[in-house]
Structures are given as C-alpha cells and as structure tokens.
Amino acid sequence: IPGANVPVFGRAIHCLGKIGDEIYIEALPDGLAMRTVNSSRSAFASFLFVVAFFDKYQPNLPVCGDSGQTWKFKLTAKSCLGVFKSVSNLERTVNQCIIELDETGPWLQFQLFCVHGIVKTHCLSYQQCESLQALFNKQLTSNLIVAQSRLLSESVVYFPVTLEEISLISSPTKLVITNYTEDDADKDKAVKTEVALLPAEFDQFQIGVDTEITFSVKELRALLGFSDVLQLPLMLRFERGGMPVVYSLMMDQRFEADFVFATLADASQPTQADASQPTLADASQPGGTVIEMNSTMVSPQRELSTDKCQDEKGADVDLDDSIPATPPHKKSKLWILGEVMSSERKQNEPSRSTVLVPDSDSE
C-alpha cells in the first residue's frame with residue numbers, strides 16, 4: 001500500500017472496528033474485500049479496495065482456485081486497530097505498508113515502513129472462515145438521495161451521543177431527521193429534535209415513495225466519521241420501514257464501500273418479505289455466510305427458523321402448524337443469518353438451519 005493510501009486504509013479499519021468485533025478479509029482477483037457485521041446482525045459494512053489502490057497486489061489464490069475459491073479469513077477488530085492506532089501519525093510517518101499472509105504461522109503480517117528507516121512489524125493470528133456477504137439489491141429502491149458527508153454530519157451533531165435510533169422522514173419537498181421515541185413514551189418528558197433539509201441542499205434528491213425509516217445511529221456515526229474526513233459524497237437508497245437502508249460511497253475508483261442497516265417495521269406493514277427482497281438462494285458464490293436483511297414481526301420470546309424446517313427424519317415441517325401464534329411487538333428489527341455451502345461440503349458437514357435473530361428489544 002503506498003504511503004498516501006495508508007491513512008485511508010487505517011480509517012477503514014477504524015470504521016469497521018466501530019461496527020463489528022471481527023473483520024472478515026477476502027482476497028479477490030479484483031481487489032481486497034474487508035467486511036464486518038455487528039453483534040445483533042442489524043448492521044453490515046463492506047469495503048472493496050480495488051487493484052489500483054495498491055502499488056502491488058498479488059492475491060496468490062489457493063491451488064483449488066480453479067473452482068472459484070479464494071483466501072477467506074477473519075481477524076479480531078481489536079488486533080487490527082493495534083496496527084493502525086493513530087491515523088494522523090500514519091499520515092506523517094508511514095511511507096509504505098506491506099500486508100503478507102503466512103500460511104505456516106498462521107499469521108497475517110503487517111509491515112509499516114516509516115521515516116528514518118524504521119520498520120514496524122505486526123503479526124496477527126487469523127482464522128479461516130466462510131465469506132461474509134449481505135444480499136441486497138441497490139437498484140430496486142424507490143428513494144435515492146446523494147448528499148455531501150458534511151451535510152449529514154452537521155445534521156447528526158444536534159442529537160445526543162446517547163441516542164440509540166434515528167428516523168428519516170422523506171417526502172418530495174424535504175427530508176426530516178428526528179430522534180426516534182417509542183409510541184408509549186411519556187411525551188411530556190420526551191425531548192423531540194428535528195432537522196429539516198430541503199432538496200436544494202442535496203446533490204440528488206429523488207423520492208418516489210413518502211416513507212419513514214428508523215435505524216441505529218451508532219453505525220451511522222461510524223460511517224460519517226470515515227466519509228466526512230475524506231469529504232466523500234454519500235449515496236442513500238431506501239424503500240420503506242422493514243427493508244434495509246443502504247449507504248454507498250466511492251473514492252476515485254480506488255475503493256468502494258457499502259453500509260447496510262436494518263430498519264424498524266411497523267405492525268401496520270405486511271409481515272411477508274417483499275418480492276424484491278433477496279433470498280438465501282440468491283447467493284452467487286458456492287460457499288459463505290450470508291446475511292439477508294428482512295425485517296418482520298416476531299415475538300421476542302421465541303426464536304424461529306425459516307417458514308419450514310426439517311424434523312429428525314428429514315421431512316419438511318410447516319412451522320405455522322407446530323408453533324402457536326403469539327402476539328408480536330409493535331416494532332421489531334431482524335436479520336436472517338444463514339450459511340450456504342457447496343454440495344461437497346454439505347456431504348461432510350451437519351445441516352444448519354437458518355436463524356432469525358431479534359435485535360434491539362430489551363425485554
């Protein structure tokens with residue numbers, strides 16, 4: 001990595017570390033992919049550093065590369081942050097960074113070539129894993145907003161750091177950013193903050209459906225902390241509550257990033273997944289951990305599998321017949337976590353059912 005790009009790479013590590021506890025790295029033929037997901041599976045972040053980002057990029061695909069496999073492993077975010085502690089110090093002192101995979105260790109070696117001939121070497125242990133992917137389609141959305149990062153950063157600064165969730169209320173005439181409060185909250189004691197932005201303040205403002213979406217503000221702050229320093233425009237795509245909201249950014253064809261956040265779904269909205277929502281069967285790669293964003297209504301006291309599961313004999317069992325109905329909460333936030341494996345691996349590994357993971361309900 002050339003010295004000019006080392007701070008960008010370090011800021012990406014810091015951004016991922018604020019979202020998830022583990023960083024998944026995959027050496028692809030067209031670039032280095034780094035991804036993470038938070039513990040509640042409600043936020044996913046992905047960076048792809050293309051070949052032009054590096055002075056030299058040699059993925060050294062495994063012998064089985066003919067079958068489309070690549071190096072996939074994960075590191076703890078804490079260990080990566082130890083390599084890139086101070087981004088401002090990286091800008092002043094680091095001339096080059098070399099990342100090399102040592103299979104015999106197994107280690108992932110980071111070498112920082114600094115001024116005055118100083119070389120700092122960090123060897124981080126890694127674990128081999130499956131590819132982490134979030135299935136979503138950025139094209140199948142009715143609402144598209146392109147804004148400068150500074151505009152969104154200055155809007156979010158009005159909200160307290162203790163705020164957990166934020167709401168975006170969109171219409172063709174304006175975009176309102178407000179703090180989210182529960183319906184049963186005491187309105188006499190609750191503080192309501194709203195920031196209204198007009199279409200002229202955005203680079204592009206296309207609202208096809210009036211809607212209100214609510215999502216976690218913690219991951220949004222991590223995203224804005226990265227994009228604001230680099231002064232990059234953000235592209236925001238969303239449809240309605242209960243469907244994921246996607247933030248995208250790109251820098252001079254050197255890297256691209258996607259941030260996918262789950263949103264709250266109202267009880268008045270349909271519980272079945274929209275036809276445009278991705279499914280586990282949409283995974284294009286032969287193996288990998290797939291995260292499908294789909295908010296729906298479930299009871300927090302019960303963890304469900306997919307609509308159908310298998311009994312001990314392998315026969316399909318309809319969950320609607322085996323699980324009594326329970327009253328759902330007004331709003332809930334869900335991610336679906338599953339694993340897609342090749343047919344060869346399926347013969348050697350036990351089957352694993354898809355798991356629905358509830359997010360932010362405190363009860």
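# Working through a predicted fold

In the protein chain, residues 24 or more positions apart account for 65% of the contacts with a separation of 6 or more. Keep in mind that this is a predicted model. The chain holds seven helices and 23 strands, and 47% of its 363 residues count as buried. Let's try some exercises.

## Exercise 1: two helices side by side

Work out how helix α1 (residues 6-17) and helix α5 (residues 217-230) are oriented to each other, and which residues meet.

**Solution.**

Step 1. Two packed helices are described by the angle between their axes and the distance between the axes. For α1 and α5 the angle is about 165°, and the axes are 9 Å apart.

Step 2. Angles over 145 degrees count as roughly antiparallel, so α1 is roughly antiparallel to α5.

Step 3. Now the handedness: α1 passes α5 in a right-handed crossing.

Step 4. Look for the residues that touch. From α1 you have Val 8, Arg 11, Ala 12 and Cys 15, and across from them in α5 sit Ala 222, Leu 223, Phe 226, Val 229 and Leu 230.

Step 5. Sort those residues by class. The contact of α1 with α5 has eight nonpolar residues, no polar ones and one charged.

## Exercise 2: a second partner for α5

Do the job again for α4 and α5: find the angle, the crossing and the contact residues.

**Solution.**

Step 1. The axes of α4 and α5 are 9 Å apart, with an angle of about 140° between them.

Step 2. Is that antiparallel or oblique? Roughly antiparallel needs an angle over 145 degrees, and therefore α4 and α5 come out as oblique to each other.

Step 3. The crossing of α4 past α5 is left-handed.

Step 4. On the α4 side, the contact uses Ser 149, Arg 150, Leu 152, Ser 153 and Val 156. On the α5 side, it uses Val 217, Leu 220, Arg 221, Leu 224, Ser 227 and Asp 228.

Step 5. By class, that contact of α4 with α5 has five nonpolar, three polar and three charged residues.

## Exercise 3: how covered is α4?

Decide whether helix α4 (residues 149-156) is mostly covered or mostly open, and say what its buried residues pack against.

**Solution.**

Step 1. Use the cut-off: buried means under 20% relative accessible area. In α4, the residues that pass are Ser 149, Leu 151, Leu 152, Ser 153, Ser 155 and Val 156.

Step 2. That is six of the eight residues of α4, and the helix is mostly covered.

Step 3. What covers them? The buried residues of α4 pack against β10, β12 (174-179), β13 (194-197), α5 and β16.

## Exercise 4: an asparagine and its surroundings

Place Asn 143 in the fold, and find out where its side chain has a polar partner.

**Solution.**

Step 1. Asn 143 is in strand β10 (residues 143-148).

Step 2. With a relative accessible area of 0%, Asn 143 is buried.

Step 3. A polar atom of the Asn 143 side chain lies 3.0 Å from the backbone nitrogen of Val 209.

Step 4. Leave out residues up to four places away in sequence, and Asn 143 still touches a list of others, among them Ser 170, Gln 206, Leu 236 and Phe 238.

Step 5. Follow one of those partners. Ser 170 is in strand β11 (residues 165-171) and is buried too, at 2% relative accessible area. Setting aside neighbours within four places in sequence, the contacts of Ser 170 include Asn 143, Leu 175 and Asp 210.

## Exercise 5: a proline in a strand

Find the strand that holds Pro 233, then say how accessible Pro 233 is and what it touches.

**Solution.**

Step 1. Pro 233 lies in strand β16 (residues 233-238).

Step 2. Its relative accessible area is 33%, so Pro 233 is partly exposed.

Step 3. Leu 249 is 16 residues away from Pro 233 along the chain, yet their C-alpha atoms are separated by 6.5 Å.

Step 4. Beyond neighbours within four places in sequence, Pro 233 is in contact with residues including Val 146, Asp 203, Ser 248 and Leu 249.

## Exercise 6: positive phi without glycine

For His 116 and Asp 252, give the phi angle, the loop and the exposure.

**Solution.**

Step 1. His 116 isn't a glycine, but its phi is positive, about 65°. Asp 252 isn't one either, and its phi is about 45°.

Step 2. His 116 is in the loop between β6 (107-114) and β7 (119-125), while Asp 252 is in the loop between β17 (245-251) and β18 (255-261).

Step 3. His 116 counts as exposed at 77% relative accessibility, and Asp 252 is exposed at 62%.

Note on methods: Residues are numbered from 1 along each chain as its sequence is written. This is a predicted model: local features need pLDDT of at least 70, side-chain atom pairs count only at pLDDT 80 or more; totals for chains, interfaces and linings use all residues. Side-chain values use heavy atoms; hydrogens and water are left out. Axes are lines fitted to C-alpha atoms, for helices over the stretch in contact, and angles run from 0 to 180 degrees between N-to-C directions. Helices (H or I, at least four residues) and strands (E, at least two) are DSSP runs, numbered from the N terminus. Angles under 35 degrees count as roughly parallel, over 145 as roughly antiparallel, 65 to 115 as roughly perpendicular and the rest as oblique. A crossing is left-handed if the near helix is turned anticlockwise from the far one by less than a right angle, and right-handed if clockwise. Contact means heavy atoms within 4.5 Å. Ala, Val, Leu, Ile, Met, Phe, Trp, Tyr, Cys and Pro count as nonpolar, Asp, Glu, Lys and Arg as charged, and the others, Gly among them, as polar. Buried means under 20% relative accessible area, exposed over 50%, partly exposed in between (1.4 Å probe, protein chains only). A polar contact is a pair of N or O atoms within 3.5 Å; within protein, one must be able to donate a hydrogen and the other to accept it, and residues adjacent in sequence count only if both atoms are side-chain atoms.
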